[in-house]
Amino acid sequence: MLRRGIRILGRSPFELFVEALLCLAGVSSIVITLGIVGILLYESSGFFSKVSVWEFVSGTEWTPLFADAKYGILPLVCGTIITTFVALFVAIPMGTIIAIYLSEYASHSVREIVKPALELLSAVPTVVYGYFALLAVTPFLQTFVPNLPAFNMLGPGLVMGLMIIPYVSSLSEDAMRAIPMYIREGSYAMGATKLQTAIKVVVPSAISGITAAFILGISRALGETMIVAIGAGLQPSFTIDPREPAATLTAYIVQVSLGDLPHGGIGYQSIFAAGLTLLLITLGFNIAGYILRKRFREAY
Amino acid sequence: MPNETSLNHQQDASMETESTRMVRGIRRRKLIDLIFAFTGMGLVTLALTVLALLLGQLVRDGHSRLTSGHFVKRDGFAPSIRELVGQLVPNTGNGKVGWLLRREPFEIIDASDVLDEERLEQLIDQQVDLICDLPPTASRFVEADSLEAVIDSDFVRFQRDRIRGRLFRQRDSWWIDPLPLPLDLSEVDVDSAAQAGQPVAISIGLKRDFPLQVRTLEPLVFQNFFMAMPSREAERAGIKPAIVGSVLVLIVTMLLSVPFGIAAGIWLEEYGRKNWLTALIEINIANLAGVPSIIWGLMALGLLVYYFGLGRGILTAGLTLALLVLPIVIMATREAIRAIPNHIREASYACGATKLQTVQFHILPYSLSGILTGSIIGLSRAVGETAPLITIGALTYIPFLPEFSLSRPFAWLQSGFTVLPIQMFNWISRPDHAFHENAAAAGMVLLVLTLSMNAVAIVLRCRLRKKIKW
């Protein structure tokens, strides 16, 4: 009788046990993060014990698997940045205009159809996009860009841009739709058109959400692997011309993983150094985005 | 805007009244507005059209591989070059009882280089002897060395590098339709009557005089793209191990990520108090969702493969993808739980339910379809994910399936594997265009898989929206 009473009043051991299990699952995400950062730092420290940090960040040649090994990360970073730029050149204008259109102009029924349809763009597996970049977009570009090699940064960049559009448009649109109606109505009452309202009132008010959308798009483009590994070639080259082939940080990791490098060698460690660089660049953009968002945040 | 207009037209101002200027300004602004609306609609259409065109190219490149197939022996191997492939037909002509091997026409390659086009024109529909470079086996092509009109109409002796048959032309290429080979099946221990009309592979003995003494006769079975193992020949390669691998990896991913993600989501929403720890976890999960997938692969390579020594099998792959999907599942769970209004919880507590009972009988059932939607979208991403599996060293040439046995029920977890996207990547990377067709076909299968998962999620979400009204 007494034990039952206690059970009703307090938590049973089983409840506590379940709560502990759930808590373990919740806290595990931190363990995962520590695992990622830990292994990247650990293997990279092995790399940087053999290669000076200065050579790594300032060298313009990346040939770690050659007999005459050079460890300058700049060509890979350059490839990553250029492909990302090409992608953003497509995704940011298109994504933003589509977002404004969907949030301010489109009727409810149009939006309900277009939004899931656009999300298809990001649901297509990246390896399929890689196929498009290499075998559809690049041959198409070759018809009017003279001397475009089969591997180039332009085609994969454009395809990547197509893939990123929904990331930009969907989040931006959510941010714009979160702006209360009375703010728009104030603008309409002053005689502004929809476009004037959208550009001068809605976009500035939603700018923190739109920045978040851009940052997400940039992160996706920086970390995209298969499209560039298939379409841009695997040869690191220090160039800013998007028509040339180049390897990105991610493509280099894929290239090394396809071979059979011994565990613990400098080639093996170099992919972790490349991964760490990628993570730092992504993190840098995310922090910048966070600061921008804080500065421009407007609450309603 | 009206001010600018008036500035620009200062000279005309005297001639125009205030109201016509305003009307013109409004008209202009409305026009710009309309143009923008059409631009927006146009860009949506453009993006979707480009996607449709690209998918169209994928279908155009790959559809023939999906429907076509080839013949293999019962053990799954292709006939060797020492064997002849054809249809076994009874020889009913001129009273003799015997069997014929009827072979499919061969396309003659390089005929224009080796042979004179004009002479070939004269030989159309005549019996010719083709001396060829490659032994004509299961291949549909022969490389011609020389070609002569037949002098004696009887078969004398069978030579592997000589095909006698009718020359014909189809579209731009030359073909030879071989004469049926008379066979002597007395040495073969098969019920040849049952094989009549069936595709077979035969090997012949040393005696090359006609009829050919058949040493072995094996029935062939048709095998399509889905049932074939990978192969060095593009036409024979298939995606059976890739499909099996994808499904097994997906099962492992699902079993690991979904329960774990739901548990973490429930804890964060229902149990965790608002303190620095939950705030940290929240930020952390949002950041984890943005980590590039290849970084997950590096983590899996460094920690799972080498540090924990899990090997490069299906378990490691499933675990890697499960970790990658976990933030998506957690966020979906939290969102679904947050949508449940507080009065549901309070009503449950008021009836004397404990926290666990509330979660078990109210929170979880009400949020389940939302959780499922998010999980399916996460898993569909896992199916198409390539990069992290390449880093852990998923092999691309896997001509076997993982073994299942009752004595070691979990051995398949350690088995080497390949998945659809990796198989596709492997085929894309080859210079031979025939493999690109395989890649397109694999891409179509992959797309159908991921898009149907997404469609299920979208339908689920729509139904959920209509059904639940708090």
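# Notebook: cores, chain contact and helix packing

I began with the nonpolar cores and found that the largest has 182 residues, with A:Tyr131, A:Phe132, A:Val159 and B:Ala442 making the most contacts inside it. Helix α8 of chain B, residues 314-338, supplies the largest share of this core, 17 residues. A second core, separate from that one, has 17 residues, and I noted B:Ala78, B:Leu181, B:Leu183 and B:Ile202 among them. I keep in mind throughout that this is a predicted model.

From the core I picked out B:Ala442 and listed its partners, leaving aside neighbours within four places in sequence: these are B:Ile239, B:Ala242, B:Leu420, B:Gln423, B:Met424 and B:Trp427.

**Chain B as a whole**

I then went through chain B and counted 13 helices and 11 strands in its secondary structure. The chain has 470 residues, of which 38% count as buried. For the contacts in chain B between residues at least 6 apart in sequence, I noted that 72% join residues at least 24 apart.

**B:Ile371**

Is B:Ile371 buried or exposed? I looked this up by its surroundings, and B:Ile371 counts as buried because it has 23 C-beta neighbours inside 10 Å, where the cut-off for buried is 20 or more. B:Ile371 sits in helix α10 of chain B, which runs over residues 355-384. Leaving aside neighbours within four places in sequence, I found B:Ile371 in contact with B:Ile262, B:Ala332, B:Thr333 and B:Ala336. For one of these partners, B:Thr333, I also took down the distance between C-alpha atoms, which is 4.9 Å from B:Ile371, although the two residues are 38 apart along the chain.

**Where chain A touches chain B**

Next I turned to the contact of the two chains, in which 69 residues of chain A meet 67 residues of chain B. On the side of chain A, the largest share, 19 residues, comes from helix α2 of chain A, residues 13-48. When I sorted the residues on this side of chain A by class, I had 47 nonpolar, 17 polar and five charged.

**A helix pair across the two chains**

I looked up helix α13 of chain A (residues 266-296) against helix α7 of chain B (residues 293-307), and their axes lie 10 Å apart and pack at an angle of about 140°. I entered α13(A) as oblique to α7(B) because of that angle, and their crossing as left-handed. From α13(A) the contact is made by A:Ile271, A:Phe272, A:Gly275, A:Leu278 and A:Leu279, and from α7(B) by B:Ile294, B:Ile295, B:Leu298 and B:Gly302. By class, I recorded seven nonpolar residues, two polar and no charged in the contact of α13(A) with α7(B).

**A helix pair within chain A**

How do the axes of α8(A) and α9(A) cross, and at what angle? I found that the axes of helix α8 (residues 181-189) and helix α9 (residues 194-205), both of chain A, come within 10 Å and cross at roughly 155°. I therefore wrote down α8(A) as roughly antiparallel to α9(A), since angles over 145 degrees count as such. The crossing of α8(A) and α9(A) is right-handed. In α8(A), the residues A:Ile183, A:Arg184, A:Ser187 and A:Tyr188 meet A:Thr197, A:Val201, A:Val202 and A:Ser205 in α9(A). The contact of α8(A) with α9(A) has four nonpolar residues, three polar and one charged.

Conventions
Residues numbered from 1 in each chain as written. Chains lettered and ligands numbered in written order. Predicted model: local features only at pLDDT ≥ 70, side-chain atom pairs only at ≥ 80, totals over all residues. Core = buried A, V, L, I, M, F, W, Y, C linked by C-beta atoms within 7 Å. Buried ≥ 20, exposed ≤ 12 C-beta atoms within 10 Å, placed from the backbone. Helix = DSSP H or I, 4+ residues; strand = E, 2+ residues; numbered from the N terminus. Contact = placed C-beta atoms within 7 Å. Nonpolar A, V, L, I, M, F, W, Y, C, P; charged D, E, K, R; others polar. Axes fitted to C-alpha atoms, helices over the stretch in contact; angles between N-to-C directions. Parallel < 35°, antiparallel > 145°, perpendicular 65-115°, else oblique. Left-handed = near helix turned anticlockwise from the far one by under 90°.
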